[in-house]
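Got your viewer open and a cartoon on screen? Good, let's walk through it one selection at a time.

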Amino acid sequence: MDAVMSLTTDKPLVIFSNSSCCMCHSIKTLICSFGANPTVYELDELPNGQQLETALQASGQMPTVPSVFIGQELIGGANEIMSLHVKGKLVPLLKKAKAIWI
């Protein structure tokens, strides 16, 4: 998990994704619609992507993508992000992490 955490350091918003995953695309689109500019790591395009995916699995993140970190904290995947959005808690969380300023 250290490799994953090192990639989230000093970044307000990080998404671990797979380029062919429709749920990953949906979550990235949702988050970007608020004006956020996330750092996105496409695990299927990285040389160490399989290692990162294994680390995410070890953290209990299932399925492993999308994995969204806001303010260096693992928030979760698509279900958690959509749940926060429906409850009106996603935007305040993004603001608190300084991922958006609106």
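How many aromatic pairs does the structure hold? There are 2 of them in this predicted model, and we can visit each in turn.

**Stop one: Phe16 and Tyr41.** Show both side chains as sticks. The ring centres sit 5.3 Å apart and the planes meet at 25 degrees, which makes this pair stacked, since the angle is under the 30 degrees cut-off. Now colour by strand: Phe16 belongs to β1 and Tyr41 to β2, so the pair links distant parts of the chain, with the two positions 25 residues apart. Switch on a surface, and you'll find that Phe16 and Tyr41 are both buried.

**Stop two: add Phe69.** Keep Phe16 selected and bring in Phe69. This pair is edge-to-face, with 5.7 Å from centre to centre and 75 degrees between the planes. Phe69 lies in strand β3 (residues 67-70), 53 residues from Phe16 in β1, and again distant parts of the chain are linked. Phe16 and Phe69 are both buried. Select Phe16, Tyr41 and Phe69 together, and you have one aromatic cluster.

**Stop three: the strands behind the rings.** Hide the sticks and select residues 13-17 and 39-42. These are β1 and β2, which run parallel and pair over 4 bridges. Want one bridge to look at? Pick Ile15, whose bridge partner in β2 is Val40. While you're looking along a strand, a general reminder: in a regular strand, side chains alternate between the two faces of the sheet.

**Stop four: the crossover.** Add residues 22-32, helix α2. Together, β1, α2 and β2 form a β-α-β unit, and its hand is right-handed.

**Stop five: the cysteines.** Which cysteine sulfur is closest to that of Cys22? Select Cys21 and draw the distance: 5.6 Å, too far for a bond. Next, click Cys24. Cys24 is in no disulfide either, its nearest cysteine sulfur being that of Cys21, 3.0 Å away. The cut-off is 2.5 Å, and by that rule the structure has 0 disulfides.

Before you leave, compare surroundings. Is Cys22 buried or exposed? Cys22 counts as exposed, because its relative accessibility is 57%. Cys24, by contrast, is buried, with a relative accessible area of 0%.

Terms used:
Residues numbered from 1 in each chain as written. Predicted model: local features only at pLDDT ≥ 70, side-chain atom pairs only at ≥ 80, totals over all residues. Heavy atoms only, no water. Pairing = 2+ DSSP bridges. Right-handed = clockwise from strand over helix to strand, strands pointing away. Buried < 20%, exposed > 50% of the residue type's maximum accessible area, 1.4 Å probe, protein only. Phe/Tyr/Trp six-rings, centres within 6.5 Å; stacked < 30°, edge-to-face > 60°.
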